There are 2 protein chains.
Amino acid sequence: MRSYKQHCGLATALDLVGDRWTLLIVRELLIRGGCRYTDLQKGLPGIATNLLAERLRELESAGIVAREEAPPPVATTLFRLTERGRALEPAILQLGLWGAPLLARGAKGAATQPHWLVLPLKIFLKDRTPRERDASIEVRAGRESLAIELSSGAVKVRLGAPEQADATVTGKPEKLLEFFAGKLDKAAASAAGIAIEGARDVLARIVPSVA
Amino acid sequence: MRSYKQHCGLATALDLVGDRWTLLIVRELLIRGGCRYTDLQKGLPGIATNLLAERLRELESAGIVAREEAPPPVATTLFRLTERGRALEPAILQLGLWGAPLLARGAKGAATQPHWLVLPLKIFLKDRTPRERDASIEVRAGRESLAIELSSGAVKVRLGAPEQADATVTGKPEKLLEFFAGKLDKAAASAAGIAIEGARDVLARIVPSVA
DNA sequence: CCGGATCCGGGTTGATACTG
DNA sequence: CAGTATCAACCCGGATCCGG
């Protein structure tokens, strides 16, 4: 394995996760939890299969990913982050935050997948009225759903629909991102095809422009 | 320029700074401020000169680095981070923090440079008694000095000697890192060749094991 | 379908030499 | 000092194939 051979935290981190595709693989596993090989391929459009296989081997031997033989009904191998792998989340969130402003002028031909919304929402959603009751919001994009859960001041975001949603927001992923970032007022949101159902006041706790 | 073509903050960030050596160049500029080309080469042992030149061009066109023609007495071009470039600091600190635990078992043959201490110290030094008076500490490693400045609860770390130091710590970079991380007790520190001069109580505000 | 392995063309990297 | 030029070795991406 190639190394920078520098006695520096950043350099040793990059020795392990600085290769092309590596951090994006960790991103997928952070968002989705346990993944099959083909789930990873779908979430990483453009990756060559040999690279995915090789990166997974490297990540496994670095103790960042663990391979797990799932029993039926799954009956296949699952890839999962170890504790050490999950510890990369703050670094990945910061990098994503830095890159977010460039996202506006969408690179032409860029792929978009709804579940990529999870990380940005994790960073910039804050409960503006934390003392109110617990609530949950469903975000629908394409055929995927995200759950936003407000509980005692904390905002949790995860893949999958909430058990029971106080409000539902539907739209295209790019537009949803702008919407939750507060860049769309009411008129712009509905013009962008964003539909809101249910309790608007719950939504207003995290998106000022809804109020 | 190669791109992941994914509409995701992390992916676009890596499009710009995910290439080999790129984040390490940013690290150098974060620590040292304006740099000459050869300063960068010294701080990045192992980089090929053509790669350094190419990365600097890419960083410049991405708006992360600015080239500046310095007047005499410097009379050469300086490379400096833009505002956008300095905004990478949180991400770099988090990545360095993640990599730090691996630093303990030093990769054999790894280069060590004193100024690389600046980033780790920036993260994990905290003033444990913030209400006391302002103070400053000089850290000497080889022929380079760092300044640690305590001011109203904040800890600032930068390259260069402080104007006037209340205490001075001298040693090898690797050992100094362990020392400031609190992994060395008094005996271990002096056995490791770490020398402390001046006001020990000032040092104890940031390093518990000195007390 | 799932989880890869293999092969190949082209692009990137790294070491060295050289230049204004 | 601040790079460019050259070239070999390696890595990446795409396509194809293969055993469960």
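## Terms and model

A residue is taken to be near a molecule or strand if one of its heavy atoms lies within 4 Å of it. This is a predicted model, in which local features need pLDDT of at least 70 and side-chain atom pairs count only at pLDDT 80 or more, while totals for chains, interfaces and linings use all residues. Residues are numbered from 1 along each chain as its sequence is written, chains are lettered from A and ligands numbered from 1 in the order in which they are written, and side-chain values use heavy atoms, with hydrogens and water left out.

For chain A, the mean pLDDT (the predictor's confidence in each residue, from 0 to 100) is 91, and 96% of the residues reach 70 or more. Among the helices and strands (DSSP runs numbered from the N terminus, with helices being H or I of at least four residues and strands being E of at least two), strand E1 of chain A, residues 65-69, has the lowest confidence in that chain, at a mean of 87, whereas strand E6 of chain A, residues 167-170, has the highest, at 97.

## Surface near DNA strand C

DNA strand C is surrounded by 20 residues, and the closest of them are A:Thr76, B:Arg20, B:Trp21, B:Leu51 and B:Arg55. At least two residues of this surface come from each of helix H3 (37-43), helix H4 (49-61) and strand E2 (77-81) of chain A, and from helix H4 (49-61) of chain B. By class (Ala, Val, Leu, Ile, Met, Phe, Trp, Tyr, Cys and Pro count as nonpolar, Asp, Glu, Lys and Arg as charged, and the others, Gly among them, as polar), the surface has six nonpolar, eight polar and six charged residues.

Of the atoms of DNA strand C within 4 Å of the protein, 66% belong to sugar or phosphate and the rest to bases. A polar backbone atom of A:Tyr37 is 3.1 Å from a phosphate oxygen of this strand, and a polar backbone atom of B:Gly46 is 3.4 Å from a phosphate oxygen of DNA strand C. A base nitrogen of DNA strand C, in turn, lies 3.1 Å from a polar side-chain atom of B:Asn50.

## Surface near DNA strand D

Around DNA strand D there are 20 residues, of which A:Arg20, A:Trp21, A:Leu51, A:Arg55 and B:Thr76 come nearest. Helix H4 of chain A, together with helix H3 (37-43), H4 and strand E2 (77-81) of chain B, each supply at least two residues of this surface, which has six nonpolar, eight polar and six charged residues.

Sugar or phosphate accounts for 69% of the atoms of DNA strand D within 4 Å of the protein, and bases for the rest. A phosphate oxygen of DNA strand D is 2.8 Å from a polar side-chain atom of A:Trp21, and a polar backbone atom of B:Tyr37 is 3.1 Å from a phosphate oxygen of the strand. An N or O atom in the side chain of B:Thr49 is 3.2 Å from a base nitrogen of DNA strand D.

## Helix packing in chain A

The axes (lines fitted to C-alpha atoms, for helices over the stretch in contact, with angles running from 0 to 180 degrees between N-to-C directions) of H2(A) and H4(A) come within 10 Å and cross at roughly 80 degrees. The two helices are therefore roughly perpendicular to each other, since angles under 35 degrees count as roughly parallel, over 145 as roughly antiparallel, 65 to 115 as roughly perpendicular and the rest as oblique. Their contact (heavy atoms within 4.5 Å) is made by A:Thr22, A:Ile25 and A:Val26 of H2(A) with A:Leu52, A:Arg55, A:Leu56 and A:Leu59 of H4(A).

Key
Polar contact = N/O pair within 3.5 Å; in protein donor to acceptor, adjacent residues only side chain to side chain.
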